[in-house]
Amino acid sequence: MTSAGFVLAANGNGKHSQTGISAYAGLEHPPHLSRLESKTGRKGIVEQLSISVDSDARDGFVPGFLHLPPDFNTTSTFNNHGVLPKIHHRTAAILLSGAGGGVTGPSSIYLSLACKLATLHPNNGIPALRLDYRVPARTGPCVRDVCAAMQFLQDMYGLDRFVLVGWSFGGAVVFSTLTSDEEKRVVGCATVASQTADTEGIRSLAPRPVLLLHGTGDQTLNERCSERLYEMYGESDEGGGEGERRLVLFDGDNHALSGNAETVEEIICEFVARCAGVTVDETDREEVLKQELVEDDERGDLMERGGDLRSPERRE
């Protein structure tokens, strides 16, 4: 267990990440996307992005994959008065990995989660960005990556409400974003096996909702981390009052929640949808959420390919 389970390389090594979007070739979609497409008759759009970040001394580009609903309208469809069309999704999810960066998430759930969010029944699909880091394990630069991504998504796609999802060190990025100038754009936060270092921002999150998931067999960050975050939620005098907080512990599961990956994916999907004001009905659950787009024996290899197991991150 690292540092009594409370921090996973929060200071990092200061090295600049040179990983570009081309390093993740073949990871645009989950291996079994055809199951979702055949069930729903819908095919989402995936765009490869390199987002410019120029707010610090490490100017550069942060790579990511943006999953868009098949019926999505961009800012290019503004009418003559600059008003968005009636059917437009203003909310997006930004999915953040751990201390090594990466684009597939814990047990590769981001790879399928992003597709499912974008494929919820017509007019309800939610855009999702799987975002890497320029400088993994450094909270400040990673927060600036997220802020740059939010501004980019607003400028280019008209998206201005965001649900942040983070795994492990990614929890620090999620909650530290709440202390930035962009925090009012955040409408909800979810974490998987989060650390507690650099997470003071959770105190001012309420009344916006938070979802905390953790395995009791986590050998990297003890479940007490998420329990502590649950206690910290809404403690700030500057917060907006009581809100929705949920803590789910998975008995005996590891740092990547490998034994409950599909369940975790469903829980996060429904949480993001609620934050976006979207109702997930039984048709969505059957045709979208229940589809297995990544099989259990594929998850580890996809995490390796997606950079999610770069040191110091791990599954156990």
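Tutor: Two residues are in contact when heavy atoms of theirs lie within 4.5 Å. With that in mind, the packing of two helices in this predicted model can be read residue by residue.

Student: Which residues of helix 1 meet which residues of helix 7?

Tutor: Helix 1 contributes L36, K39 and T40, and these meet E286, E287 and V288 of helix 7. By class, the residues of this contact comprise 3 charged, 2 nonpolar and 1 polar.

Student: At what angle do the axes of helix 1 and helix 7 cross, and within what distance do they come?

Tutor: The axes of helix 1, residues 33-40, and helix 7, residues 282-289, cross at roughly 145° and come within 9 Å.

Student: How many helices and strands does the protein have?

Tutor: There are 8 helices and 8 strands. Of the 316 residues, 56% count as buried. Among contacts with a separation of 6 or more, 77% are between residues 24 or more positions apart.

Student: Let us turn to single residues. Where is S112 placed, in which helix?

Tutor: S112 belongs to helix 2, residues 109-118. It is buried because its relative accessible area is 1%, the cut-off being under 20%. Beyond four places in sequence, S112 touches P30, E265, L293 and V294. The separation along the chain can also be set beside the separation in space: S112 and H32 are 80 residues apart in sequence, and their C-alpha atoms are 9.0 Å apart.

Student: Is S226 buried or exposed?

Tutor: S226 is buried, because its relative accessibility is 0%. This serine lies in helix 5, residues 224-232. Its contacts beyond four places in sequence are with S194, L212, L213, H214 and L247. For H214 there is a further detail, since a polar contact of 2.7 Å joins its side chain to that of S226.

Student: Which residues does L249 touch, beyond four places in sequence?

Tutor: L249 touches H214, T216, E223 and E227. H214 therefore appears in the contacts of S226 as well as in those of L249. L249 stands in strand 8, residues 245-250. With one of its partners, E223, the C-alpha to C-alpha distance is 7.6 Å, across 26 residues of sequence.

Student: Why does L249 count as partly exposed?

Tutor: Its relative accessibility is 36%, and partly exposed covers the range between the buried limit of 20% and the exposed limit of 50%.

Student: How should one read the cysteines, and how many disulfides are there?

Tutor: A disulfide is a covalent bond between the sulfur atoms of two cysteines. In a model one looks for a pair of cysteine sulfur atoms within 2.5 Å. By this rule the count is 0 disulfides. C275, for example, is in no disulfide, and the nearest cysteine sulfur, which belongs to C189, is 8.3 Å away. C275 is buried because its relative accessible area is 10%. Another cysteine, C142, counts as buried because its relative accessibility is 0%.

Student: Over which residues does pLDDT stay under 50?

Tutor: One such stretch is residues 1-5, for which the model has 13 contacts beyond four places in sequence. Another is residues 76-81, with 3 contacts beyond four places in sequence. For the protein, pLDDT averages 89, and 86% of the residues score at least 70.

Notes: Residues numbered from 1 in each chain as written. Heavy atoms only, no water. Buried < 20%, exposed > 50% of the residue type's maximum accessible area, 1.4 Å probe, protein only. Helix = DSSP H or I, 4+ residues; strand = E, 2+ residues; numbered from the N terminus. Axes fitted to C-alpha atoms, helices over the stretch in contact; angles between N-to-C directions. Nonpolar A, V, L, I, M, F, W, Y, C, P; charged D, E, K, R; others polar. pLDDT = per-residue confidence, 0-100. Polar contact = N/O pair within 3.5 Å; in protein donor to acceptor, adjacent residues only side chain to side chain.
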